[in-house]
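User: Please walk me through one helix and one sheet of this model. Keep it short.

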Amino acid sequence: MAETAVLKKEIERRRTFAIISHPDAGKTTLTEKFLLYGGAINLAGSVKGKATARHAVSDWMEIEKERGISVTSSVLQFNYGGFCINILDTPGHQDFSEDTYRTLMAADSAVMVIDAAKGVEPQTRKLFKVCAMRKIPIFTFMNKLDRDARDPFELLDDIENELGIPTCPMNWPIGSGKEFKGVYDRENREVVIYSDTQKGTKEGVATSISLDDTDALLSALGQGAYDKLMEDIELLDGAGSGFDRDEVDAGMLSPVFFGSALTNFGVEIFLKNFLKMTTTPLPRVSDKGEVDPMSPEFSAFVFKIQANMNKAHRDRIAFMRICSGKFSAGMEVLHVQGDKVMRLSQPQQMMASERHIVDEAYAGDIIGVFDPGIFSIGDTVCSPDVKFEYEGIPTFAPEHFARVRQIDTMKRKQFVKGVTQIAQEGAIQIFRELNSGLEEIIVGVVGVLQFEVLKYRLENEYNVEIKMDTLPYEHIRWIASDTDISTLTGTSDMKKVMDLKDRPLLLFINSWSIGMTLERNEGLVLEEFSKN
Ligand code: G4P
């Protein structure tokens with residue numbers, strides 16, 4: 001096959017997505033089942049040891065030190081049904097950080113896992129917002145139907161009201177918990193009967209009964225469940241807004257599938273339909289316009305930099321999302337921001353559960369490369385034949401703030417160097433009060449664990465001990481209008497600060513103060529994300 005035909009075929013079969021959820025909704029379990037179908041693992045249960053997934057804060061440093069840089073936790077690649085699938089991990093629990101948001105910038109679509117007993121939860125809401133900002137397709141897997149669940153209509157209302165995205169149920173649950181009988185497949189007009197004998201193994205051949213086969217349905221479901229189903233179907237069909245591919249593509253409609261990841265019910269159907277409906281690698285915007293993923297010239301952008309916590313290996317890995325063309329090991333690339341032609345060192349990828357050196361990778365894939373300290377988040381790397389810069393990655397609003405200063409004032413230089421470098425890596429954000437310098441700073445983080453990382457790294461890498469006092473602020477807003485920050489009138493508990501790039505920002509304790517401040521300053525525009 002001609003080279004361009006191979007390139008096109010390889011890129012067309014790529015599907016790169018993130019799974020977003022609140023901790024415990026079932027993201028890990030669902031991922032395990034996906035891998036099972038891909039033949040990547042023989043038995044579910046090995047994506048990540050629960051011990052590592054659930055570690056307490058105090059264990060974290062030790063674990064991180066032991067495992068060094070883990071590509072494992074970042075992306076998994078496997079093949080299924082002719083597709084080459086890249087699943088991006090969005091760490092939750094203690095690991096929730098700005099990186100979690102940045103990872104979403106590398107995805108072309110998202111799978112949102114919701115616990116059907118709980119509905120939309122805070123972390124889902126936060127991650128959803130970022131996906132919505134990018135207008136990528138979002139598919140919902142309503143999980144844990146084998147347990148008592150909330151009413152399905154109520155769950156859909158919850159998504160629509162909480163997240164503001166209309167939904168389109170692709171199948172419909174019949175009961176839940178002990179009374180869970182299966183799902184009704186709306187497209188094929190048949191009922192797929194639930195059995196929980198498939199735990200941990202591949203989905204067996206599920207029994208399906210056509211909706212027209214009343215006798216069989218009655219004997220499988222019982223009169224009560226049958227009547228309820230008929231009632232539900234009437235309501236669903238009458239509700240109007242059906243499946244619309246264009247709206248799904250634009251991130252304006254979320255197809256919803258009900259199932260149970262643990263008992264492996266409805267997972268393969270979901271995977272198949274999701275792969276059919278989701279998108280091939282999307283074009284990305286550069287300063288020279290949109291870049292076609294199929295164009296032969298290689299290009300990628302850095303979306304995450306992970307520092308090694310191990311003192312003996314103080315290197316970093318830069319994670320890149322390939323946006324166009326093909327990457328071959330040893331090829332020369334241009335690091336646009338550094339204006340330097342180079343070879344990417346030790347490019348790695350995760351295939352199934354093993355980390356290996358990449359020989360070739362295509363648009364849609366993620367590679368991790370050794371970074372001697374030259375890359376920044378958002379940087380572009382491309383073939384030296386072309387030169388353009390991808391749009392930067394936004395800065396996301398931190399939610400926890402602390403005042404940080406060095407204990408030994410003689411160490412001011414190391415302190416400033418340390419916090420600035422760590423901030424440049426994207427691990428923390430630093431702010432200074434209006435009209436003051438960096439001797440005492442305000443640090444903002446998305447996840448509280450980042451405070452500990454900061455303290456640990458300053459002590460170990462820069463030999464600086466710090467004192468940290470948490471601040472009560474919970475919201476930060478960038479000023480997007482040309483309002484002068486010094487004359488702006490806010491609420492008494494509001495704080496005015498500047499970031500590293502000297503952009504003005506406001507810190508608020510509650511959302512009420514944000515509203516008041518907007519009211520008091522005509523023309524003021526506040527933003528939750530900041531485009532770099
Ligand atoms: P997460 O990655 O989103 O945090 O969730 P994870 O898959 O780890 O699942 C959280 C808990 O929910 C696990 O139980 C898991 O077994 C359970 N779970 C996931 N999907 C389903 C489902 O469809 N039905 C039921 N009934 N449970 C489900 P755990 O007791 O916390 O852990 P484990 O000891 O069972 O592994």
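Analyst: Notes on the source come before the questions. This is a predicted model: local features need pLDDT of at least 70, side-chain atom pairs count only at pLDDT 80 or more, and totals for chains, interfaces and linings use all residues. Residues are numbered from 1 along each chain as its sequence is written, and side-chain values use heavy atoms, with hydrogens and water left out.

User: Which residues of helix 7 are buried?

Analyst: Helices (H or I, at least four residues) and strands (E, at least two) are DSSP runs, numbered from the N terminus. Buried means under 20% relative accessible area (1.4 Å probe, protein chains only). In helix 7, the buried residues are Pro152, Leu155, Leu156, Asp158, Ile159 and Leu163.

User: Why do they lie on the same side of helix 7?

Analyst: The arc is taken from the directions from the helix axis to the C-beta atoms. The buried residues lie on the same side of helix 7 because they cover an arc of only 150°.

User: Which residue caps the N-terminal end of helix 7?

Analyst: A side-chain oxygen lies 3.1 Å from the backbone nitrogen of Phe153. The residue that caps this end is Asp151.

User: Which are the edge strands of the open sheet?

Analyst: Two strands pair if DSSP finds at least two bridges between them. Eight strands form the sheet, in the order 28-25-27-26-30-31-29-32, with antiparallel pairing. Each edge strand pairs on one side only: strand 28 (466-471) and strand 32 (526-527).

User: Which residue of strand 31 stands opposite Lys495?

Analyst: Strand 30 (residues 495-499) and strand 31 (residues 504-508) pair in the antiparallel sense over four bridges. Opposite Lys495 stands Leu507.

Definitions and conventions: Buried < 20%, exposed > 50% of the residue type's maximum accessible area, 1.4 Å probe, protein only. Polar contact = N/O pair within 3.5 Å; in protein donor to acceptor, adjacent residues only side chain to side chain.
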